[in-house]
Amino acid sequence: MVKYEAYPIEKGGGNPEKITVIAESAGALLSVYALASTKSDTIREALSCPPVSISVDMLACFSGMFYTTERDLIGLVYPRNIYGERFKDREFMEYMNPENTEVMDNLPHMLLTSSDADFLKHYTLRYEKALRRAGHSCELIYYNAGNKELTHAFPALKPHLPESGEILKRIVEKI
């Protein structure tokens, strides 16, 4: 068993009051649930997670793979791999909808990014609309310029692009 020791964020020059989590693709999905579980006993119990005391100010998601149970390529291929036997548990699967009220109500401010060359752009655009409908604090940075280099998760995978720099600068400004 691996033993982890706490490393005070202040020791590295960070501010524990201004924590930002940045995640891409499937990591964005996992981060949504990890962060919702820090504030919701219901989500934590559904996921069988221990309590964690961390307060995150913002979640920045690059090309989030938010919808894993749809009748599309992602939903047809991944659910059994992601959820295993719990895929058959209806109560558990209700929480695997990122638009579940309990999930969205327990998320920090969200910054979503995508572009017209991202194969998961429809997930990002759909989730942004759902968050806004729910009155959740969020913002979207979307590039619709026909730039084929702005592919899936480009801010993380192609940090040298000017658009990636703009997004990363925006995140730093919010911290």
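Mentor: Before we start, a convention: helices here are DSSP runs of H or I with at least four residues, strands are runs of E with at least two, and both are numbered from the N terminus. Keep in mind, too, that this is a predicted model.

Trainee: Thanks! In which loop does Ser25 lie?

Mentor: Ser25 is not a glycine, yet has a positive phi of about 50°. With a relative accessibility of 17%, it counts as buried, because the cut-off for that class is under 20%. As for its place, Ser25 sits in the loop between β1 and α1.

Trainee: And Ser48, is that residue buried or exposed?

Mentor: Ser48 also has a positive phi without being a glycine, with a value near 60°. The loop between α2 and β2 holds Ser48. Its relative accessible area is 59%, and the exposed class begins over 50%, so Ser48 is exposed.

Trainee: Let me step back to the whole chain. In what order do the elements run from the N terminus on?

Mentor: Happy to zoom out! The chain has 9 helices and 4 strands. Read from the N terminus, the order is β-α-α-β-α-α-α-α-β-α-β-α-α.

Trainee: What radius of gyration does the chain have, next to that of a compact globule?

Mentor: The C-alpha atoms fill a box of roughly 45 × 40 × 35 Å along the principal axes. For 175 residues, a compact globule would come out near 16 Å, and the chain agrees with that at 17 Å.

Trainee: What share of the contacts with a separation of 6 or more comes from residues 24 or more positions apart?

Mentor: Contact here means heavy atoms within 4.5 Å. Among the contacts with a separation of 6 or more, the share from residues 24 or more positions apart is 69%.

Trainee: Now the interior. Which element gives the largest share of the largest nonpolar core?

Mentor: Nonpolar side chains tend to be buried together in soluble globular proteins. In this chain, the largest such core has 33 residues, and Val32, Phe66, Val103, Met110 and Tyr127 touch the most other members. Several elements supply at least two residues each, including β1 (19-24), β3 (109-115) and α7 (121-133). The largest share, 6 residues, is from α1.

Trainee: How many residues are in the other core, which lies apart from it?

Mentor: Among its members are Ala60, Phe154, Leu161 and Ile167. The size of this separate core is 11 residues.

Trainee: Which residues does Asn106 touch, leaving out those up to four places away in sequence?

Mentor: Asn106 belongs to the loop between α6 and β3, and it is buried at a relative accessible area of 14%. Its C-alpha lies 9.2 Å from that of Val32, though 74 residues separate the two in sequence. With the sequence neighbours left out, the residues that Asn106 touches are Leu35, Ala36, Lys39 and Ser40.

Trainee: One last residue. Is Ile82 buried, partly exposed or exposed?

Mentor: Ile82 is placed in helix α4 (residues 79-83). Beyond residues up to four places away in sequence, Ile82 touches Met65 and Thr68. At 35% relative accessibility, Ile82 falls between the 20% and 50% cut-offs and therefore counts as partly exposed.

Trainee: And the charges: how far apart do the centres of the positive and negative side chains lie?

Mentor: There are 20 positive and 24 negative side chains in the chain. The distance between the centres of these two sets is 3 Å.

Conventions. Residues are numbered from 1 along each chain as its sequence is written. This is a predicted model: local features need pLDDT of at least 70, side-chain atom pairs count only at pLDDT 80 or more; totals for chains, interfaces and linings use all residues. Side-chain values use heavy atoms; hydrogens and water are left out. The radius of gyration is taken over C-alpha atoms; the globule rule is 2.2 Å times the number of residues to the power 0.38. Lys and Arg count as positive and Asp and Glu as negative; His and the chain ends are not counted. The place of a charge is taken as NZ of Lys, CZ of Arg, CG of Asp or CD of Glu. A nonpolar core is a set of buried Ala, Val, Leu, Ile, Met, Phe, Trp, Tyr and Cys residues joined through side-chain atoms within 4.5 Å. Buried means under 20% relative accessible area, exposed over 50%, partly exposed in between (1.4 Å probe, protein chains only).
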